[in-house]
Amino acid sequence: MAEAQRSLQTYSAPGARFLIVEARYYDGIGDMLLAGTKRALEAAGATYDVIGVPGALEIPAAIKLGLSTGRYAGAIALGCVIRGETYHFEIVAGESSRAIMDLTVNERFAIGNGILTTENEEQAIVRAEPSKGDKGGDAARAALSLHLLKQKDRKSTRLNSSHTDISRMPSSA
């Protein structure tokens, strides 16, 4: 079955700096994910720093440490978890994803999740390859989108806070 043609939204975020955190357990797959991520960020005019961690479970902690500094507009998580013969796959895949979602929702961090969870290496390669699945690029575009949404929300909040809310004014009765 042929894959449907993807239409990718472009983003503009000149001057925004992102943190890329990658688990380099599978170097070849990591190279592909990183290439797609860098290409998407550079196309948006954003800059980035790259740090490596031993595995997918360490990615959320590294993101939290990096984003807590205030130096970054957002982060991109990159890694690959391939199913083995034990329950370890479910723990690593589920817990790394849950922790990233917790940071995104609870801390309001703009994070793109590019941690692949696949049955085998062939699936991972197809998803990671920038000319095919481009999940690294997708993760970067997700982080860019959330960053821009956050910026828009900040501007809207500033504008709204300058208006008087008549529902909060004391009544004259």
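On a 1 Å grid over the protein atoms alone, a pocket is an open set of points with protein on both sides within 12 Å along at least five of seven lines, and its lining residues have an atom within 4 Å of a point. Leu8, Gln9, Thr10, Tyr11, Arg39, Ala40, Ala43, Ala44, Asp134, Arg141 and Leu144 line the second largest pocket. Helix H1 (27-43) and helix H5 (135-161) each give two or more residues to this lining. H1 gives the most, with three residues. Helices here are DSSP runs of H or I with at least four residues, strands are runs of E with at least two, and both are numbered from the N terminus.

This is a predicted model, where local features need pLDDT of at least 70, side-chain atom pairs count only at pLDDT 80 or more, and totals for linings use all residues. Residues are numbered from 1 along each chain, and side-chain values use heavy atoms, without hydrogens or water.

The largest pocket is lined by 16 residues. Tyr25, Cys80, Val81, His88 and Val92 lie nearest its centre. Strand E3 (74-82) and helix H3 (88-106) each give two or more residues to the lining of the largest pocket.

| Pocket | Volume (space filled by probe spheres set on the points) |
|---|---|
| Largest pocket | about 290 Å³ |
| Second largest pocket | about 170 Å³ |

Now to one residue. Leucine 19 is found in strand E1 (residues 17-23). Leucine 19 is buried (under 20% relative accessible area, 1.4 Å probe, protein chains only), with a value of 2%. Leucine 19 and alanine 73 are 54 residues apart in sequence and 8.1 Å apart in space, C-alpha to C-alpha.

Note on methods: Buried means under 20% relative accessible area, exposed over 50%, partly exposed in between (1.4 Å probe, protein chains only). On a 1 Å grid over the protein atoms alone, a cavity is a set of points where a 1.4 Å probe fits but cannot get out, and a pocket is an open set with protein on both sides within 12 Å along at least five of seven lines; lining residues have an atom within 4 Å of a point.
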